[in-house]
Amino acid sequence: VSIGRSALQTYLLLFLFLRQFIKRSRTMSSFLYYLLFPVVLLLRILYYPYVYLLKPRLDDILHKLTVFIFENQVVFNCAWEDPHIDKQALELEKDNDSILIITSAGCNVLSLACESPKHIYSIDKNPCQNAVLELKIAAIRELDYEHFWQMWGRGKMDNFTKTWYPLLRQHLSLSARTFWDSHSHYFDGKHLLGRDSYYYKGPAGVLAWVTIKLFFRLIPGLNAALQELIHAPTLEIQREIYFSKVQKRLFNPVVMWLFSSSSTLALLNGVPEAQRKLLEEQAGTATIGDFIKSSLETVMSEIPLKNNHFWRVYLENGEYTRDCCPDYLVEENFNKLKGGLVDRISVHTETIEDFLKSHKEKDITRFILLDHMDWMAENPKALSGEWQQILEHSREDRVKYLWRSASLKPDFVLATNVTVKGNNKTLGELVTLDTELTERLHKLDRVHTYTSFWVANPN
């Protein structure tokens, strides 16, 4: 029944497309864009008879490809968690707090280092992500601010591989050297197709470049409307531009079909299977596409884009601007980091559980776990092992735990079993969620790609 209904919807879309095609395809860009409709619709028609026969095998291949992506590439070329709301939630004390955080692209590690913590343990299982942070730290130590801005603000430097990389290489670990020896061209600023910025490299960068620089330009008027949107002087004008010029152009049937594709999320943006299932089943929306649409609509109509560097870097040709960039790219913060704060960071390529098992001190006061527990949503044993170590290494007098999730509710995390003084407990019995705080801060999140945001304090 569901196949028949979906096929009927597809045929209806094809009919509506043919009806509008002659009226609207008056320019080459219009013609190319509308030509995508029958191609995509044809693929959908062919998809239904085979999906149930091929799906188990395809899911297995997709899982293996996702694992490969997570462990062999820079999936995230910049951090996609807003450190400003994290800092408000964590209430850091200078020279007192020791922080454990997942590296991602290192942007937020450096942002937190600007607050003068006692120490930051930056952990990531993917050595390529840690290589990004190591290269940033090396650049802080070796370069002056203007050259640092060229590298990380613009995403490119003239003759980077030949002139600048050898200066930075000496500061890198062996694994980071191995990665950047074959990827230093990311910063050379040369690419046949114009993908010349570091921020258009890696799966997330490729997804952004293909979407914004290729596909969006085929939709008549969309690219110009987006540029007008991100430069709107006020939120009211931004909202007006979005609803009058962007919304209908952006969320057309082709885009919604791509947004709803698990393959797109897995292969281009590294979203693992367990997290995709949470988005499909527990995000509070009918489909993944609906969730993405809702998130983007919030970003474009409720949050000022003029200082939202998370989205603007991709819309501004893969470059930040001096007045819209991550904290570590602000000159004052760069000088703080170069003055010694960067030395308070240590980088570890392993899982959180493995790191904590070998960590002898019970000194960590802030745990920033990003969304990685979503990846273990179907593996409660792994969650239990990790949380057991987290609790055993928490400095109990002022510890806080922060994470994000694709799930609307944190039930699978709070149900995690741990052992405390020989007694079996669930995490929900040991911590209390500060829901009032997180609900207020989540509305301010400039990224807004997670369904929920949580801060927990020990009971």
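Lys156 is buried, with a relative accessible area of 12%. In this predicted model, that charged residue offers a useful point of entry. The side chain of Lys156 meets that of Glu319 in a salt bridge, with a nitrogen-to-oxygen distance of 3.4 Å. Lys156 belongs to the loop between helix H6 (145–153) and helix H7 (160–169), and Glu319 to the loop between helix H16 (309–315) and helix H17 (331–338), so the pair ties together parts that are 163 residues apart in sequence.

The loop that carries Lys156 also contains Asn159, which lies between H6 and H7. Asn159 has a positive phi of about 55° although it is not a glycine. In general, most residues other than glycine have a negative phi. Asn159 is partly exposed, at a relative accessible area of 49%. A positive phi is also found at Glu91, where the value is near 50° in a residue other than glycine. Glu91 sits in the loop between H3 and strand S1 (98–102), and with a relative accessible area of 53% it is exposed.

Lys156 is also one of the residues in contact with Met151. Once neighbours within four places in sequence are set aside, the contacts of Met151 are Leu135, Ala139, Leu143, Lys156, Met157, Phe160, Leu168 and Phe187. Met151 leads into the interior of the protein: the largest nonpolar core has 126 residues, and Met151, Trp152, Trp180, Trp387 and Tyr401 are those with the most contacts inside it. Helix H5 (residues 127–142) supplies the largest share of this core, 9 residues. In soluble globular proteins, nonpolar side chains tend to be buried together.

How does H5 pack against helix H8, and at what angle? The axes of H5 and H8 (residues 174–181) are 9 Å apart and form an angle of about 95°. That makes H5 roughly perpendicular to H8. On the H5 side the contact is made by Cys128, Ala131, Val132, Glu134 and Leu135, and on the H8 side by Ala176, Phe179 and Trp180. The residues of this contact divide into 7 nonpolar, no polar and 1 charged. Two of the participants have already appeared: Leu135 is in contact with Met151, and Trp180 is among the residues with the most contacts inside the core.

Attention now turns to the charged pairs. The whole structure contains 21 salt bridges. One of them joins Asp86 to Arg404, whose closest N and O atoms are 2.7 Å apart. Asp86 lies in helix H3 (residues 83–90) and Arg404 in strand S5 (residues 400–405), so the pair ties together parts that are 318 residues apart in sequence. Asp86 is buried, with a relative accessible area of 4%. Arg404 is likewise buried, with a relative accessible area of 1%.

The surroundings of Asp86 can be described through H3. This helix is mostly covered, since 6 of its 8 residues are buried. The buried residues are Pro83, Ile85, Asp86, Lys87, Ala89 and Leu90. They pack against helix H4 (107–113), H16, strand S4 (366–368), S5, helix H22 (435–442) and strand S9 (452–458).

Another salt bridge links Asp397 and Arg395, with the closest N and O atoms 2.8 Å apart. Asp397 counts as exposed at 58% relative accessibility, whereas Arg395 is partly exposed, with a relative accessible area of 21%. Elsewhere, Glu93, Asp97, Arg366 and Arg398 are linked in a network of salt bridges.

Gly339 gives a further example of residues brought together from separate parts of the chain. Gly339 is found in the loop between H17 and strand S3 (345–348), and it counts as exposed at 68% relative accessibility. The C-alpha atoms of Gly339 and Ile140 are separated by 9.5 Å, although the two residues are 199 residues apart along the chain.

The overall composition completes the description. The protein has 22 helices and 9 strands, and buried residues make up 52% of its 459 residues. Among contacts with a separation of 6 or more, 72% are between residues 24 or more positions apart.

Key. Residues are numbered from 1 along each chain as its sequence is written. This is a predicted model: local features need pLDDT of at least 70, side-chain atom pairs count only at pLDDT 80 or more; totals for chains, interfaces and linings use all residues. Side-chain values use heavy atoms; hydrogens and water are left out. A nonpolar core is a set of buried Ala, Val, Leu, Ile, Met, Phe, Trp, Tyr and Cys residues joined through side-chain atoms within 4.5 Å. Buried means under 20% relative accessible area, exposed over 50%, partly exposed in between (1.4 Å probe, protein chains only). Helices (H or I, at least four residues) and strands (E, at least two) are DSSP runs, numbered from the N terminus. Contact means heavy atoms within 4.5 Å. Axes are lines fitted to C-alpha atoms, for helices over the stretch in contact, and angles run from 0 to 180 degrees between N-to-C directions. Angles under 35 degrees count as roughly parallel, over 145 as roughly antiparallel, 65 to 115 as roughly perpendicular and the rest as oblique. Ala, Val, Leu, Ile, Met, Phe, Trp, Tyr, Cys and Pro count as nonpolar, Asp, Glu, Lys and Arg as charged, and the others, Gly among them, as polar. A salt bridge is a side-chain nitrogen of Lys or Arg within 4 Å of a carboxyl oxygen of Asp or Glu.
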